Amino acid sequence: MQNRRAKTKCINTLLLINPLVEHYQDELQAIRVILKAHPKGMTVTDIARETKTNRNSIAKYLDILLITGHADMLTFGPAKVYFPSTRL
């Protein structure tokens, strides 16, 4: 029963995110290009400086990219470093 709830929650999350992905497609694509250009990874602040976009907005876009599988994240101390996804 709990496994079914987890699957339902995951599906509901993806359904909520899908409209966000369509609405922010240009911003998400710009971040993906930046991440591909920096394969060693970048922090939210690094990406925000390069795009001249608010750090909170970049964090939201990166969360969307993580959930959709387009980005990966590793934590180094207090910093979260984002990379282009290595999933196939």
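## Burial and surface

Of the 88 residues in the protein chain, 26% count as buried. The model is predicted. The protein chain exposes about 6500 Å². Carbon and sulfur atoms supply 56% of that area.

## Fold outline

The protein chain has 4 helices and 2 strands. Read from the N terminus, the order is α-α-α-α-β-β.

Sequence separation of contacts can also be stated. Take the contacts between residues at least 6 apart in sequence: 47% of them join residues at least 24 apart.

## Helix H3 against helix H4

Two packed helices are described by the angle between their axes and the distance between the axes. Helix H3 spans residues 44–51, and helix H4 spans residues 55–68. Their axes come within 9 Å. The crossing angle is roughly 115 degrees. Angles of 65 to 115 degrees count as roughly perpendicular, and H3 and H4 are therefore roughly perpendicular to each other. The crossing of H3 and H4 is right-handed.

Which residues in H3 and H4 meet? H3 brings Val-44, Thr-45, Ile-47, Ala-48 and Thr-51. H4 brings Arg-55, Ile-58, Ala-59 and Leu-62. By class, the contact of H3 with H4 has 6 nonpolar residues, 2 polar and 1 charged.

## Helix H2 against helix H4

Helix H2 covers residues 25–37. The axes of H2 and H4 come within 10 Å and cross at roughly 80 degrees. That angle makes H2 roughly perpendicular to H4.

On the H2 side, the contact is made by Glu-27, Leu-28, Ile-31, Arg-32 and Leu-35. On the H4 side, the residues are Ile-58, Tyr-61, Leu-62, Ile-64 and Leu-65. The contact of H2 with H4 divides into 8 nonpolar residues, no polar and 2 charged.

Ile-58 and Leu-62 of H4 appear in both contacts: they meet H3, and they take part in the contact with H2.

## Pro-84 in strand S2

Where does Pro-84 lie? Pro-84 belongs to strand S2, residues 79–84. Its C-alpha atom is separated by 9.4 Å from that of Ile-31. Pro-84 and Ile-31 are 53 residues apart along the chain. Ile-31 is also one of the H2 residues in the contact with H4.

Neighbours within four places in sequence are left aside here. Pro-84 is then in contact with Leu-35, Lys-36, His-38 and Pro-39. Pro-84 also contacts His-70, Ala-71 and Asp-72. Leu-35 thus has two roles in this account: a contact of Pro-84, and an H2 residue in the contact with H4.

Note on methods:
Residues numbered from 1 in each chain as written. Predicted model: local features only at pLDDT ≥ 70, side-chain atom pairs only at ≥ 80, totals over all residues. Heavy atoms only, no water. Axes fitted to C-alpha atoms, helices over the stretch in contact; angles between N-to-C directions. Parallel < 35°, antiparallel > 145°, perpendicular 65-115°, else oblique. Left-handed = near helix turned anticlockwise from the far one by under 90°. Contact = heavy atoms within 4.5 Å. Nonpolar A, V, L, I, M, F, W, Y, C, P; charged D, E, K, R; others polar. Buried < 20%, exposed > 50% of the residue type's maximum accessible area, 1.4 Å probe, protein only. Areas by Shrake-Rupley, 256 points an atom, 1.4 Å probe, with all protein chains shown as cover.
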